[in-house]
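Colleague: Hey, got a minute to walk me through this one?

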Amino acid sequence: MPKDVEISFIPFGTHLNVPRGTSLLKAITQAGYPVGYSCRGQGVCVACAVWVQGQASKPSGREIELLRERTETQKRGDFSLRISCLTRAKGSVRVTTDYW
Ligand code: FES
């Protein structure tokens with residue numbers, strides 16, 4: 001299995017290769033795209049929620065709990081709402097937000 005995985009940023013059509021297991025928040029900030037993260041990746045603020053498709057880690061109990069507190073739908077086509085600081089890239093992942 002390859003050591004690096006590819007993160008694709010929709011709708012920009014850009015990609016970033018990161019080590020497998022990198023958090024999506026880290027990949028997004030490394031790529032230079034805006035994303036909220038007022039708790040600095042502590043899994044508290046939920047500001048870093050993004051839409052994710054592909055080979056991401058399964059949601060942890062903490063993430064499921066945080067997402068349950070949100071009222072909007074958590075699925076949009078093949079994309080799922082995820083807390084990016086708590087979600088790790090296991091393989092190729094596509095990421096988008098409502099504000100990009
Ligand atoms: S940065 Fe606050 S929950 Fe992810």
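Here is a short chat about the fold, the sheet and the helices.

Modeller: Sure. Keep in mind that this is a predicted model.

Colleague: Okay. How many helices and strands does the protein chain have?

Modeller: The protein chain has two helices and six strands. Starting at the N terminus, they come in the order β-β-α-β-α-β-β-β.

Colleague: And why do you call it compact?

Modeller: The radius of gyration of the protein chain is 12 Å, and the globule rule gives 13 Å for 100 residues, so the chain is as compact as a globular protein of that length. The C-alpha trace spans about 35 × 25 × 25 Å along its principal axes.

Colleague: What share of the residues is buried?

Modeller: Buried residues are 25% of the 100 in the protein chain. As for contacts with a separation of 6 or more, 65% of them link residues that are 24 or more positions apart.

Colleague: Let's switch to the sheet. What's the strand order?

Modeller: Reading across, you get β2-β1-β6-β3-β5-β4. The sheet is open, and its pairing is mixed.

Colleague: Which strands stand at the edges?

Modeller: Those are β2 (14–19) and β4 (75–76). Each has a single partner strand, so one side of each has no neighbour in the sheet.

Colleague: What about β1 and β6, parallel or antiparallel?

Modeller: Parallel: β1 (residues 4–9) and β6 (residues 89–96) are joined by three bridges. If you want a spot to look at, find I7, which sits opposite V93 in β6.

Colleague: Now the helices. Which residues of α1 are buried?

Modeller: In α1 (residues 24–31), the buried ones are L24, L25, A27 and I28. Looking down the axis of α1, they fall within an arc of 165°, so they line one face of the helix.

Colleague: What do they pack against?

Modeller: The buried residues of α1 pack against β1, β2, β3 (49–56) and β6. Just past the end of α1 you'll find G32, with a positive phi of about 90°.

Colleague: And where is G61?

Modeller: G61 is in helix α2, which covers residues 61–68.

Colleague: Is G61 buried or exposed?

Modeller: Exposed: G61 has 7 C-beta neighbours inside 10 Å, and a residue counts as exposed with 12 or fewer.

Colleague: Last one: what separates G61 from P11 in space?

Modeller: Their C-alpha atoms are 30 Å apart, and along the chain G61 and P11 are 50 residues apart.

Methods. Residues numbered from 1 in each chain as written. Predicted model: local features only at pLDDT ≥ 70, side-chain atom pairs only at ≥ 80, totals over all residues. Helix = DSSP H or I, 4+ residues; strand = E, 2+ residues; numbered from the N terminus. Rg over C-alpha atoms; globule rule 2.2 N^0.38 Å. Buried ≥ 20, exposed ≤ 12 C-beta atoms within 10 Å, placed from the backbone. Contact = placed C-beta atoms within 7 Å. Pairing = 2+ DSSP bridges. Arc of directions from axis to C-beta.
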